[in-house]
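Welcome to this guided tour. Open your viewer, get your mouse ready, and follow along one selection at a time.

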Amino acid sequence: MSKNIFDEQNYLLLKGFFNLKDVTRMSKRMHHLRNSGMVFIDEQCPKSYSTYSDPIHSEYQELYREKLEQAIGYELYPTYTYARIYSPKEILEKHKDRSSCEISITSTLDYNTFDDEPWDLYVEPNIKIKLYPGDVLVYRGCKIEHWREKFIGVFQTQIFMHYVNKNGKYHDRKYDGRPSLGASMWLRKDFDEEVCGNGALI
Ligand SMILES: [Fe+2]
């Protein structure tokens with residue numbers, strides 16, 4: 001349990017957190033969604049393809065919840081998942097997340113880049129993080145700014161799993177305002193707060 005480091009830094013790198021077989025499953029699912037047109041474009045990353053709480057991704061979010069709880073020392077409610085296939089020249093501007101993202105993980109599912117290295121993620125103050133498939137960054141996206149510089153590569157697939165502290169002030173964000181983890185985004189109730197970044201669902 002690494003609660004102290006996570007609390008101190010507001011982020012923590014967990015190498016090899018996901019089983020690679022599960023990474024492949026989540027990645028294949030995302031490419032299937034892209035090839036089937038079941039993706040959307042959001043305002044934060046308009047060159048790329050995104051999904052909100054795909055049922056397969058949500059299943060993995062729940063399967064890995066307990067492992068994450070043990071790693072950081074908090075009991076969690078899942079809120080939603082988000083996945084993206086980033087396209088060439090995309091930029092992720094410096095931003096903080098909305099409160100349904102109190103505690104989040106991000107992980108690279110696959111990538112095709114010219115140097116065969118995954119695209120770097122930065123967290124404040126200016127920490128460069130490289131996530132290889134299976135690695136996870138757990139971070140407090142509402143508290144610390146995070147960003148990516150221009151993407152030089154063909155594509156990179158990234159998954160985000162968002163949670164709130166079960167005993168914290170955002171516990172009512174459970175399922176991100178939906179009646180269940182598998183429910184559609186159209187059943188989501190708005191928490192008339194903050195829309196952070198550039199889009200309501202991100
Ligand atoms: Fe974010």
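## Stop 1: The open sheet

This model is predicted, and our walk begins with a group of four strands that form an open sheet in the order 4-9-6-7, with antiparallel pairing. Select strand 4 (92–95) and strand 7 (127–129): these two stand at the edges, and each has a single partner strand, so one side of each is left without a neighbour in the sheet. Now tilt the view to look at how the strands are turned; on average, neighbouring strands of this sheet make an angle of 25°, direction ignored.

Next, pick strand 6 (residues 121–123). Three bridges join strand 6 to strand 7, and the two run antiparallel. To find one of the pairs, click Leu121: its bridge partner in strand 7 is Ile129.

## Stop 2: The whole chain

Zoom out and show the full cartoon. How many helices and strands does the protein chain have? There are four helices and 10 strands. Following the sequence, you will meet them in the pattern α-β-α-β-α-α-β-β-β-β-β-β-β-β. The radius of gyration is 16 Å, close to the 17 Å that the globule rule gives for 202 residues, so the protein chain is as compact as a globular protein of that length. Along its principal axes, the C-alpha trace spans about 45 × 35 × 30 Å.

Of the 202 residues, 39% count as buried. Among contacts with a separation of 6 or more, 78% are between residues 24 or more positions apart.

## Stop 3: Two sides of a helix

Select helix 3 (residues 55–63) and colour His57, Ser58, Tyr60 and Gln61, which are its buried residues. These residues cover an arc of only 160° around the axis, which puts them on the same side of helix 3. A general rule helps here: an α-helix has 3.6 residues a turn, so residues three or four places apart point the same way.

Which exposed residues does the face turned away from the buried side carry? Colour Pro55 and Leu63 to see them. Then bring back the surroundings: the cover over the buried residues of helix 3 includes helix 2 (20–35), helix 4 (65–72), strand 3 (76–86) and strand 10 (153–165).

## Stop 4: The largest nonpolar core

In soluble globular proteins, nonpolar side chains tend to be buried together. Here, the largest nonpolar core has 43 residues, and those with the most contacts inside it are Leu76, Val136, Leu137 and Val138. Several elements give two or more residues to this core, including strand 1 (11–14), helix 2 and strand 8 (136–139). Strand 3 gives the most, with seven residues.

Click Val136 and look around it. Apart from its neighbours within four places in sequence, Val136 is in contact with Leu14, Phe17, Phe18, Ile105 and Ser107.

## Stop 5: Two single residues

Is Thr51 buried or exposed? Select Thr51 in strand 2 (residues 49–52) and look at its surroundings: Thr51 counts as buried because it has 21 C-beta neighbours inside 10 Å. Setting aside neighbours within four places in sequence, Thr51 is in contact with Met30, Leu33, Val39 and Ala83. For a distance, draw a line from Thr51 to Lys169: their C-alpha atoms are separated by 27 Å, and the two are 118 residues apart along the chain.

Finish at Lys96, in the loop between strand 4 and strand 5 (103–113). Lys96 is partly exposed, with 16 other C-beta atoms within 10 Å. Add Gly141 to your selection: it is 45 residues from Lys96 in sequence, while their C-alpha atoms are 5.5 Å apart in space.

Definitions and conventions: Residues numbered from 1 in each chain as written. Predicted model: local features only at pLDDT ≥ 70, side-chain atom pairs only at ≥ 80, totals over all residues. Buried ≥ 20, exposed ≤ 12 C-beta atoms within 10 Å, placed from the backbone. Contact = placed C-beta atoms within 7 Å. Pairing = 2+ DSSP bridges. Axes fitted to C-alpha atoms, helices over the stretch in contact; angles between N-to-C directions. Rg over C-alpha atoms; globule rule 2.2 N^0.38 Å. Arc of directions from axis to C-beta. Core = buried A, V, L, I, M, F, W, Y, C linked by C-beta atoms within 7 Å.
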